[in-house]
Amino acid sequence: MINDLTEKNFPLFAAKCYQDPNCIDVLEFQQDVDRIKYIKRLFRRYEVDGDLKERLILNHLVVLYNVFDPSSLTRMLALKLNDHLHVLKPFLAYLGYWPGTIDGVNGINIDGTGVPTDENVANVLRQI
């Protein structure tokens, strides 16, 4: 397994952690990886205009956790959504995937308890 996840080794890491037995081609794999980009766009939209699409975000996350190794996916999300960890944290906590530490992302270990939580997102998720 790759100890330090970076942008350079991300594609190989993602391929090694992909666990969809029904995947028939590389396009399907790429579509699943692209869900991370969609989540990033949804987080940006929320931060710019306050429009939180919580159910769509949850749907993308559930699909991703169904096709990738969970701890590896959390590392991938931390890498790709690094500027939005405060928004990601309540979603992963809600789904039971937020760890105490996220190991080996761009040369650092991220202390999960030290990441702030977007309270608005947490409150919205409590209402579901």
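Trainee: Which residue just after α5 takes a positive phi?
Mentor: This is a predicted model. Helix α5 covers residues 85–95. Just after that helix, phi is positive, at about 85 degrees. The residue is Gly96.

Trainee: Which residue other than glycine has a positive phi, near 55 degrees?
Mentor: Most residues other than glycine have a negative phi. Here the positive value belongs to a residue in the loop between β1 (101–105) and β2. That residue is Asn106.

Trainee: Does Asn106 count as buried, partly exposed or exposed, and at what relative accessibility?
Mentor: Buried means under 20%, and exposed means over 50%. Anything in between is partly exposed. Asn106 therefore counts as partly exposed, at 49%.

Trainee: What is the pattern of helices and strands along the sequence?
Mentor: The chain has six helices and two strands. Read from the start of the sequence, the pattern is α-α-α-α-α-β-β-α.

Trainee: Which residues of α5 are buried?
Mentor: Look at residues 85–95, the span of α5. Two buried residues there are Lys89 and Pro90. The full set is Leu85, Val87, Leu88, Lys89, Pro90, Phe91 and Leu92.

Trainee: Which elements do the buried residues of α5 pack against?
Mentor: Start with the helices: α2 (26–49), α3 (54–67) and α4 (70–80) are among the partners. A strand, β2 (108–111), takes part too. The list is α2, α3, α4, β2 and α6 (119–126).

Trainee: Which residues touch the most other members of the largest nonpolar core?
Mentor: In soluble globular proteins, nonpolar side chains tend to be buried together. The largest nonpolar core here holds 40 residues. Those touching the most other members are Phe68, Met76, Leu77 and Phe91.

Trainee: Which element gives the largest share of this core?
Mentor: Several elements give two or more residues: α1 (10–17), α2, α3, α4, α5, β1 and α6. The largest share is seven residues. Its source is α2.

Trainee: What does Phe68 contact, leaving aside neighbours within four places in sequence?
Mentor: Contact means heavy atoms within 4.5 Å. Ala14 and Cys17 are among the partners of Phe68, as are Leu73 and Met76. In full, the partners are Ala14, Cys17, Tyr18, Gln19, Phe29, Asp32, Val33, Leu73 and Met76.

Trainee: Is Asn9 buried or exposed, and what does Asn9 touch?
Mentor: Asn9 sits in the segment before α1. Its relative accessibility is 18%, so Asn9 counts as buried. Not counting residues up to four places away in sequence, Asn9 touches Ile2 and Asp4.

Trainee: What separates the C-alpha atoms of Ala15 and Val87?
Mentor: Ala15 lies in helix α1 and counts as partly exposed, at 42% relative accessibility. Val87 is a buried residue of α5. The two are 72 residues apart along the chain, and their C-alpha atoms are separated by 26 Å.

Trainee: What radius of gyration does the chain have?
Mentor: The C-alpha trace spans about 35 × 30 × 25 Å along its principal axes. With 128 residues, a compact globule would have a radius near 14 Å. The chain agrees, at 14 Å.

Trainee: How many positive and negative side chains are there, and how far apart are the centres of the two sets?
Mentor: The chain exposes about 7,000 Å², with carbon and sulfur atoms supplying 49% of it. Its side chains include 14 positive and 17 negative ones. The centres of the two sets lie 3 Å apart.

Notes. Residues are numbered from 1 along each chain as its sequence is written. This is a predicted model: local features need pLDDT of at least 70, side-chain atom pairs count only at pLDDT 80 or more; totals for chains, interfaces and linings use all residues. Side-chain values use heavy atoms; hydrogens and water are left out. Helices (H or I, at least four residues) and strands (E, at least two) are DSSP runs, numbered from the N terminus. The radius of gyration is taken over C-alpha atoms; the globule rule is 2.2 Å times the number of residues to the power 0.38. Accessible areas come from the Shrake-Rupley method with a 1.4 Å probe; for residues, only the protein chains shown count as cover. Lys and Arg count as positive and Asp and Glu as negative; His and the chain ends are not counted. The place of a charge is taken as NZ of Lys, CZ of Arg, CG of Asp or CD of Glu. Buried means under 20% relative accessible area, exposed over 50%, partly exposed in between (1.4 Å probe, protein chains only). A nonpolar core is a set of buried Ala, Val, Leu, Ile, Met, Phe, Trp, Tyr and Cys residues joined through side-chain atoms within 4.5 Å.
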